[in-house]
Amino acid sequence: MDQMKPVITKETKNKISVDYEGKLSVKERLTRKLKASNTWMTALVNALKFILMMGVSYVILFPFFSKIAGSFMSKEDVVDATVSLIPKNFTFEQYKWIAIDNNYLEAFINTLLLSLVCAILQTFVACLVGYGLSKFKFKGNKLIMMIVIVTMIIPHSTLDVAMLRHFTSFDLGYIMSMGGKGLLGSIFGKIELTNSFWPFVILSIGGIAFKNGLYIYMMRQFFKGVPDELEESAYVDGSGTFRTFIQIILPLSVPMMITIFLFAFSWQWTDQFYTGLFFIGAERPWVMPDLIYEIPIHLRTTYAGKALYENVIQNTAGIMIIAPLVIMYLFCQRYLVQGIERSGIVG
């Protein structure tokens, strides 16, 4: 009877290879790796990728670096041809007088309050509407979704006159009395809601605020990926529709809700269209970020480089406005990425 030959498996070959390479010196192992046919090609591809990424990063980040460096320059540095990115006379003068003369702290608090209120309302409305459009089959479902898409397509600037007139003389009596008839129609008349947060709140509750259509679409795509078996199990256990939505669906959608909240907060924070539309008049009761761009009294000048220096001041104001968003993104980027991955709108 022939002696059985030992079976050499893939694991055995790997073990022999590891044992052999373990006896080689570092120089010998490096030489063997460099002699491999694909080593030089891999190194070349990686080098090209690195150069490409460095070039793209430079193109994208250089304007930010130049603005940040310019915010610390004095008047003399702005017109000095020898000064490029590193200021000779380092100063915080722009930051100081923008904060004091332009009431930066008050604008920060007002914008924070407005952005929080709008972001919370828009997130909840997007969840409610998106859940209804994704899980309930009813007549007009596709029509409502088409209207949501239309709100994403139509530029908001085409509706500015109509919205301004609507909130300048907001007819609360007409709305509450369903046509302006009856006792409520006579009690509640037209009121002016401009120069207040009410237009933003009403638009957010109605689901037609800035980018609200996008939020509804994202939540709809997310909820379409939630298994129907979860809701059916809850219904069997005696849970109602609203209770199922609150106790089961919302906890599952927390990463997506955080993403919607961050989007809504950021876009409301940097919004100039609606704040410029609803906050009007010389005596405005609220200080908003658009006033931060004004040249502070202590920095106004008539010297030769006035235009360049005013541009530096406005760039500094822009940095002060977006700085809170950058800080927030540093802490919330993980949730933002998770929400986008689960939204169903990316591959």
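**Helix 12 and the nonpolar cores**

Reader: How many of the 13 residues of helix 12 are buried?

Author: In helix 12, 10 of the 13 residues are buried (under 20% relative accessible area, 1.4 Å probe, protein chains only), so this helix is largely enclosed by the rest of the structure. Helices here are DSSP runs of H or I with at least four residues, numbered from the N terminus. This is a predicted model, in which local features need pLDDT of at least 70 and side-chain atom pairs count only at pLDDT 80 or more, while totals for chains, interfaces and linings use all residues. Residues are numbered from 1 along each chain as its sequence is written, and side-chain values use heavy atoms, leaving out hydrogens and water.

Reader: Which residues of helix 12 are buried?

Author: Among them are Tyr 215, Ile 216, Met 219, Arg 220 and Phe 223.

Reader: And which residues have the most contacts inside the largest nonpolar core?

Author: Those are Met 219, Phe 223 and Ile 292, in a core of 46 residues, where a core means buried Ala, Val, Leu, Ile, Met, Phe, Trp, Tyr and Cys residues joined through side-chain atoms within 4.5 Å. Helix 17 gives the most to this core, with 11 residues. Apart from it lies another core, of 15 residues, including Leu 193 and Phe 197.

Reader: What does Met 219 touch?

Author: Leaving aside residues up to four places away in sequence, Met 219 touches Ala 126, Cys 127, Gly 130, Ser 253, Met 256 and Ile 260, a contact being heavy atoms within 4.5 Å.

Reader: Switching to the chain, how many helices and strands are there?

Author: The chain has 17 helices and 2 strands, a strand being a DSSP run of E with at least two residues.

How values were computed: Buried means under 20% relative accessible area, exposed over 50%, partly exposed in between (1.4 Å probe, protein chains only).
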